[in-house]
Structures are given as C-alpha cells and as structure tokens.
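Take a look at the fold below. Start with the whole chain, then follow one strand inward.

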Amino acid sequence: MTRCERHHMATPETPRITVRGEARVETEPDLARIGVTVTARGTDRRSTLEDLTRRNATALTLIKSYGDALDALETGTLTLTPELTRRGRGEQIRAHHGSVHLTATVTDFTALGELATRLADLELTRVDGPWWSLRPTSPAHAEARRQAVMDAVRRARDYAHALGTELGALLELDDTAPEDAVPYGAGAPRAAFAAEAADAAPPLDLEPQRQTVTAHITARFTLHPPTL
C-alpha cells in the first residue's frame, strides 16, 4: 500500500462519507429537427434521377427560404435502386427507386409548423419529426450540475448531523456518467407527414416538448470524528 493510499483511507480520526447528488431541470427546447425524404420512381433510370434532382432542389429552396429561422441544413443518404423482376431465366429491371434524405434544424418554432406542412405538401415527400433538443451550451446543463452539487452537500450534511458532527473537507467530486445511463428522449415517438392533396394545407400547430436535463455526481467528504 502506498503512502497516498494510506493518506486517503478512512480512519476513526478521519472518517469519510460518500454521497450521490441528483438533479432534474425542465426547460423549453432550443432546437427542433425534422427529417425530409424526397423520392422518385420510374421505369427509366435517367428520368427517375432527373425527377429526384428536381424534387430535392424544390425542397432545399423551400427550406432555405426560411433564412434566420434555419439553424442547419444537411443532406444525408442518397439512394437510386433498381427494382428487379424475374422473367423466364433472367432478371429485368422493372423500375428505379430514388430517394434523398435531408435534415433541417430550426430555432424559430413559430415557423416550424408552416415549414413542416409545406414540405409535406410537396410531391412524393415525407417529413419526420420534430425532435426537440437543447444546445450543448444551454444554461440548463450548468443549472442541473449546480443543483446536483447542492443536493450532494445537503445529503452529506444530513448524514453528518445525524451523527452529531460536521463535514470536514471535500475529497472528490465525480460526475462521470454511469454505464447504464440513457439520454433523455432516447426512443421518443415521432410524427410523420406525407403529401396527399394538391391544395395547400393549413400550418400545423406544433407545441414544443419541454426538455429534462439530469445531472448526477458522486461526492466524498471527510467528517469531524463523531462521538458515538
């Protein structure tokens, strides 16, 4: 055993206490993300690709028209797949299927419903979402950590007072996430919209989903030796 290990071991002269601090903070989201999938289908590969290109350009133009409301716009997967059919001893191409997936992140939730509705109203276009989230720099994260520390100190003092003594010094503060932690909102259900009519649809009324930020810390303190 090293001198350092002996120094940090609990003894009757320097008892130690380990507590867990927890906090949950609810706040409004900062961002809303929607997924947009434009598709095309045809018997000719070139015409299918041209249709896909046109519909993708239309969707991009519409999204970009929202200017300051748009935080990010990204293009994901592009696919163009032949559909085969078996005739006699060989295979023939029956049709071509193409799709492009876009992701749009907006900060103006007033415009979100209108944008989602207009996108879903486009030809052969599917809209998924929204997924609500906070920015990594949101003050809610710092507030949750602060409350978790306060909770740990409060618990440690309660135990110390139960023993008729006081806290001594802070030895360690650890906010490493447990291995079984699941991010808030993981697996949350999503909505999907697709164009079904040529007439313009009224904007959807989408209410932001409040976000819950959690913080967990482990704190270790020394205690003044209690009289038992």
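The text goes from the overall layout to a single strand and its partners.

This is a predicted model, in which local features need pLDDT of at least 70, side-chain atom pairs count only at pLDDT 80 or more, and totals for chains, interfaces and linings use all residues. Residues are numbered from 1 along each chain as its sequence is written, and side-chain values use heavy atoms, with hydrogens and water left out.

The chain has four helices and eight strands. Both are DSSP runs, numbered from the N terminus: helices are H or I with at least four residues, strands are E with at least two. Along the sequence the order is α-β-β-α-β-β-α-β-α-β-β-β.

Now the surface. The chain exposes about 14600 Å², and carbon and sulfur atoms supply 50% of that area. Accessible areas come from the Shrake-Rupley method with a 1.4 Å probe; for residues, only the protein chains shown count as cover. Of the 228 residues, 32% are buried, meaning under 20% relative accessible area (1.4 Å probe, protein chains only).

Contacts come next. Among those with a separation of 6 or more, 83% join residues 24 or more positions apart. A contact means heavy atoms within 4.5 Å.

Why is strand β8 largely enclosed by the rest of the structure? Strand β8 spans residues 211-223, and ten of its 13 residues are buried, so the strand is largely enclosed.

Which strands pair with β8? Strand β1 (residues 16-27) does so in the antiparallel sense, over twelve bridges. There, G21 stands opposite I217 of β8. Strand β6 (residues 167-174) also pairs with β8 in the antiparallel sense, over five bridges. L167 has L223 in β8 as its bridge partner. Pairing requires at least two DSSP bridges between two strands.

Key: Buried means under 20% relative accessible area, exposed over 50%, partly exposed in between (1.4 Å probe, protein chains only).
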